[in-house]
Amino acid sequence: MAAKDALGRRGEELAAAYLAEHGLVVLDRNWRCRLGELDIVCTDTRRLVVCEVKTRSSTRFGLPAEAVDARKAHRIRQLTGAWLAAHHVPWVEVRYDVLAVLVEPGAPVRVHHYEAAF
């Protein structure tokens, strides 16, 4: 496994744990279809919360959340529609969050949760 893939997996583990610690129930992780992949799908008991996780080992190339641009947000919305259809959910309120995980060597891990990011 490449170092980048391992870092991404670690970030998703940390993000899922963070969400659970903050009262969200994880329904699905790394859900895939022909359109792509959703990192984490969870609920806060009132709505579906779709989370995109971005992990970096430094800020040399910018903050992790900056990697979620309008094109990526559009793709996540499309994927959410596919997830809802695959799970036979006719309608539910959806919130889109970004979890930015920074895993810098020698520093504490930082998870920044952007609720309703797009």
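**Exercise 1. Which residues are linked with Arg 95 and Asp 97 in a network of salt bridges?**

Solution. The model is a predicted one, and a search of the whole structure finds 11 salt bridges. Start from the pair in the task: Arg 95 forms a salt bridge with Asp 97, and the closest N and O atoms are 2.8 Å apart, which lies within the 4 Å that the criterion asks for. Both partners, Arg 95 and Asp 97, are buried. Widening the view, the network that holds this pair also takes in Asp 44, Arg 46, Arg 47, Glu 93 and Glu 115.

**Exercise 2. Compare the surroundings of two further salt bridges, that of Glu 52 with Lys 54 and that of Arg 110 with Glu 104.**

Solution. Take the distances at the outset: the side chains of Glu 52 and Lys 54 meet at 3.4 Å, N to O, while for Arg 110 and Glu 104 the closest N and O atoms are 2.6 Å apart. Then turn to accessibility, where Glu 52 has a relative value of 4% and therefore counts as buried. Arg 110, by contrast, is partly exposed, with a relative accessible area of 47%, and its partner Glu 104 is also partly exposed, at 23%.

**Exercise 3. Decide why Cys 51 is not bonded to the closest cysteine sulfur, in Cys 42.**

Solution. Begin with the whole structure, in which a search finds zero disulfides. Cys 42 is accordingly in no disulfide, and the nearest cysteine sulfur to its own, that of Cys 51, is 3.9 Å away. The next step needs the cut-off, since a disulfide requires the two sulfur atoms to be within 2.5 Å. The sulfur of Cys 51 is 3.9 Å from that of Cys 42 and is therefore too far for a bond. To complete the picture of the two residues, Cys 42 is buried, with a relative accessible area of 0%, and Cys 51 is buried as well, with a value of 2%.

**Exercise 4. Describe the largest pocket by its volume, its lining and the elements that contribute to that lining.**

Solution. The volume of the largest pocket is about 510 Å³, and 21 residues line it, with Lys 4, Gly 8, Glu 12, Val 53 and Lys 54 lying nearest its centre. Two or more lining residues come from each of helix H1 (3–21), strand S1 (25–33), strand S2 (36–43), strand S3 (48–56) and helix H2 (70–86). Of the contributions to the lining, that of H1 is the greatest, at six residues. Sorted by chemical class, the lining consists of 12 charged, five polar and four nonpolar residues. One of the residues nearest the centre, Lys 54, is also the salt-bridge partner of Glu 52.

**Exercise 5. Locate Thr 45 and Ala 116, and state what is notable about the phi angle of each.**

Solution. The background to this task is that most residues other than glycine have a negative phi. Thr 45, although not a glycine, has a positive phi of about 80 degrees. Thr 45 lies in the loop between S2 and S3, and at 69% relative accessibility it counts as exposed. For Ala 116, phi is near 50 degrees, again a positive value in a residue other than glycine. Ala 116 is found in the segment after strand S5 (110–114).

Technical notes. Residues are numbered from 1 along each chain as its sequence is written. This is a predicted model: local features need pLDDT of at least 70, side-chain atom pairs count only at pLDDT 80 or more; totals for chains, interfaces and linings use all residues. Side-chain values use heavy atoms; hydrogens and water are left out. Buried means under 20% relative accessible area, exposed over 50%, partly exposed in between (1.4 Å probe, protein chains only). On a 1 Å grid over the protein atoms alone, a cavity is a set of points where a 1.4 Å probe fits but cannot get out, and a pocket is an open set with protein on both sides within 12 Å along at least five of seven lines; lining residues have an atom within 4 Å of a point. Grid points are joined across faces, edges and corners, and a volume is the space filled by probe spheres set on the points. Helices (H or I, at least four residues) and strands (E, at least two) are DSSP runs, numbered from the N terminus. Ala, Val, Leu, Ile, Met, Phe, Trp, Tyr, Cys and Pro count as nonpolar, Asp, Glu, Lys and Arg as charged, and the others, Gly among them, as polar.
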